[in-house]
Amino acid sequence: MTDPFAFDPPAPRPGGIAARARAAASGAVAYLEGLNPEQRRAVETADGPVLVLAGAGTGKTRVLTTRIAHIIASGRARPSEILAVTFTNKAAREMKERIGMLLGTVAEGMPWLGTFHAIGTKILRRHAELVGLRSDFTILDTDDQIRLMKQVIQAENIDEKRWPARALASFIDGWKNRGLTPDKVPAGEASAFAAGRGAKLYAAYQQRLKDLNAADFGDLLLENLRLFREHEDVLRSYQERFRYMLVDEYQDTNVAQYLWLRLLAQGRRNVACVGDDDQSIYGWRGAEVDNILRFEHDFPGATVVRLERNYRSTGHILAAAAHLIAHNEGRLGKTLFTDDEAGEKVTVTGAWDSEEEARLIGDEIEALQTKGHSLADMAVLVRISAQMREIEDRFVTLGLPYRVIGGPRFYERLEIRDALGYLRLVNNPADDLAFERIVNTPKRGLGDATIEQLHRYARAARIPLMEAARRMIETDELKPKPRSALRDLTTAFARWSQRAEEMKHNELAELILEESGYTDMWQKERTAESAGRLENLKEFVRSMEEFPDLGAFLEHVSLVMEASEAEGGDKVSIMTLHGAKGLEFDTVFLPGWEEGLFPNQRALDESGRAGLEEERRLAYVGITRARRRAKIYFATNRRIHGMWNSTIPSRFVDELPEANVEVTEAPAGYGGYGGYGGGFGGSRFDKAAPFGSSYSTPGWQRAQRNAGSTPGGGSAPGGRFDAGRSRSGPMLIEGELVAKSTGTTSSFDTGDRVFHIKFGPGTIAAVDGNKLTIDFDKAGRKMVLESFVQRV
DNA sequence: TCCTAGCGCTTTTTT
DNA sequence: AGCGCTAGGA
């Protein structure tokens, strides 16, 4: 097969790459057409460090792929000399496809385009022995990690209750994200776990990994760092190989990834990082926004290109998002603009409770659908997965087709992990973690006691568990029952290993699942769930066909933990805000904009101001997903952990610019009155809460009173959505719906007796703007908006 | 060894 | 409210 990018000696063919390269020099190349001046600059500044600050919807991927095409077509480097890293497999795949489209069929020729972890693995396998591994090391998933850490904790006689393996895992993960080996962990942090034994446990865990010839996800990078630092020749060879480097989503890199990139970029310094500091939403898993903020400092003389022309959203949406994110400090600062029309304003709608919120969204979707909008162009973006349920319930009731994106991943399902356990063990009999996973699944009467015995034997003889089992069944140390069960198992594995030589790996998998009794186990269960599991197993075996052998398949699984996304069909998407990054929809529904939920209280508690800013970026990401319509909702009552809580609107609602936002209310008839005639399931608040259903609600009356009595004719300071002004159209009690966090005076005072439609009578304990803290006679202390209470 | 009742926890998620 | 894990009993 000829490599069209072998430029030596240059043999120009008309229309060939070399010809295109020459054309590139004169600036008349097809792939550059249609780029705006900034994009073009980002593409054509090929040499030296470049930082591309690419706002939402500004053509980031296009710049990245065109840049690669340009580097290749201009003869600067061959595809195999370009390092291009992404975070997700999806992004890598997309980039491959798009480069292929730009250049013909070359994407295969880019062996160094992939995720950080995939590329790290590739490098590590080549030099594994230099860091104490063999090149066929196994990659552990989170499940295995936890199990291993449990063992380490037990071995140290530490109380698992007080110091759960999960917690240790997150500590170690954090350290690895920051590029810290056990000896480098700061003393203060090391002592935060298990009374000072954190670092020791970390070291013990690393030792166990080496014993098992295994690496966890963090190691894939951390061991790369070690490799590069301890073996300069290796580092240099990669520095020379990678003539050009590109990094996608740079704002999401953690310290380890940053160090890795910096080591490699020290070679030729042709590194281009593309990212958006305003879309950094993974700080909680180690991403350092600082990396992007510091780029110019790290690479003096770097070219910085700002992409600010947005091709996605209409004017109001963009303006609302821009105004919101401007509340963050520590930004590099971009101002997105668009030539598109102003379009529809962003809407903010208050609902009585989360059920009503779901109804409003469902109805809006149906209304849009009636007008001919496709469901696939709509998405509901939630802060936490727990919000999905109510939305789904509502959609089911309405018969609205939907799909949830980002649920449990295929390879994380119990039955798939079990099946993988069998395959891993066939592939590598020394895989102790796999052995433990499946030794008693299905039940073979091999319980803790037997496993414990095996462990002791294996440890003493320094052999893997499978080998220990083989030897132990020849002794009489085991009771007869477990002994014969274990004999069956080991002989079965011996047989399967043999068959592996001659059989196709997917057929072997089927055979194993059959003979081991694993499929039987689920068949016996005869529930809807077990039927689904069997279906998944079939799909699992089918998916193996695409790989040349078992080893390749297992590598794929450990690195590409992906569900085959059920595409197709006209469906509304439901996903978390995190899951929505990088996607776009005509209409975006954003429910749950309430203090505590969004911004999320826990983010605030754990990370303070930084946490708040990250939440705000998340809000920004949410709004900027919308092409034509962004619809924000908040509910006054929400069930949290099964308990009804009263909530107040998110401060982010307050931070939206008045000019681009329309505050609406639940349409008349909501709450069980009028038009709907009980057509929907009905909320428990139907009778109790005719909220927003007429001009005579308590809230409306209160709003009117306020408007009349506010000094300065209704332009209360700080209140963005004053009732009484612009009272045209459907704006009703919006002045009361939207929380005014500061500066507004309430007509209520501490000590006033009030009546709340749901909580009954109570006494005001504190007043903060239009938020009241009330001690209810029956319901206890709650914070509510004043529009929901009446003076008594 | 297996089953089950009760306890505690509950953001976001990739690789 | 719901789920997963643990302990304790059959």
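A nonpolar core is a set of buried Ala, Val, Leu, Ile, Met, Phe, Trp, Tyr and Cys residues joined through side-chain atoms within 4.5 Å. I kept this definition at hand while reading the structure, which is a predicted model.

**Entry 1: the cores.** I looked up the largest nonpolar core and found that it holds 71 residues. Leu83, Phe228, Trp260 and Leu264 touch the most other members. Helix α12 (residues 255-265) gives the largest share of this core, 8 residues. I then listed the contacts of leucine 264, leaving aside its neighbours within four places in sequence. Its partners include Leu83, Phe228, Tyr238 and Met245. Apart from the largest core I noted another, of 49 residues, with Leu425 and Leu550 among them.

**Entry 2: DNA strand B.** I counted 29 residues around DNA strand B, and the closest are Arg383, Ser385, Arg409, Thr576 and Arg602. I recorded their classes as 8 nonpolar, 14 polar and 7 charged. Helices α20 (448-461) and α28 (601-624) each supply at least two residues of this surface. For arginine 383, I found a polar side-chain atom 2.4 Å from a base oxygen of the strand. A polar backbone atom of aspartate 448 lies 3.0 Å from a phosphate oxygen of DNA strand B. Sugar or phosphate makes up 61% of the strand's atoms within 4 Å of the protein, and bases make up the rest.

**Entry 3: DNA strand C.** Around DNA strand C I found Lys150, Lys161, Arg389, His641 and Gly642. Of the strand's atoms within 4 Å of the protein, 69% belong to sugar and phosphate. I classed the surrounding residues as 2 polar and 3 charged, with no nonpolar ones. Lysine 161 places a polar side-chain atom 3.1 Å from a sugar or linking oxygen of DNA strand C.

Technical notes:
Residues are numbered from 1 along each chain as its sequence is written. Chains are lettered from A and ligands numbered from 1 in the order in which they are written. This is a predicted model: local features need pLDDT of at least 70, side-chain atom pairs count only at pLDDT 80 or more; totals for chains, interfaces and linings use all residues. Side-chain values use heavy atoms; hydrogens and water are left out. A residue is near a molecule or strand if one of its heavy atoms lies within 4 Å of it. A polar contact is a pair of N or O atoms within 3.5 Å; within protein, one must be able to donate a hydrogen and the other to accept it, and residues adjacent in sequence count only if both atoms are side-chain atoms. Ala, Val, Leu, Ile, Met, Phe, Trp, Tyr, Cys and Pro count as nonpolar, Asp, Glu, Lys and Arg as charged, and the others, Gly among them, as polar. Buried means under 20% relative accessible area, exposed over 50%, partly exposed in between (1.4 Å probe, protein chains only). Helices (H or I, at least four residues) and strands (E, at least two) are DSSP runs, numbered from the N terminus. Contact means heavy atoms within 4.5 Å.
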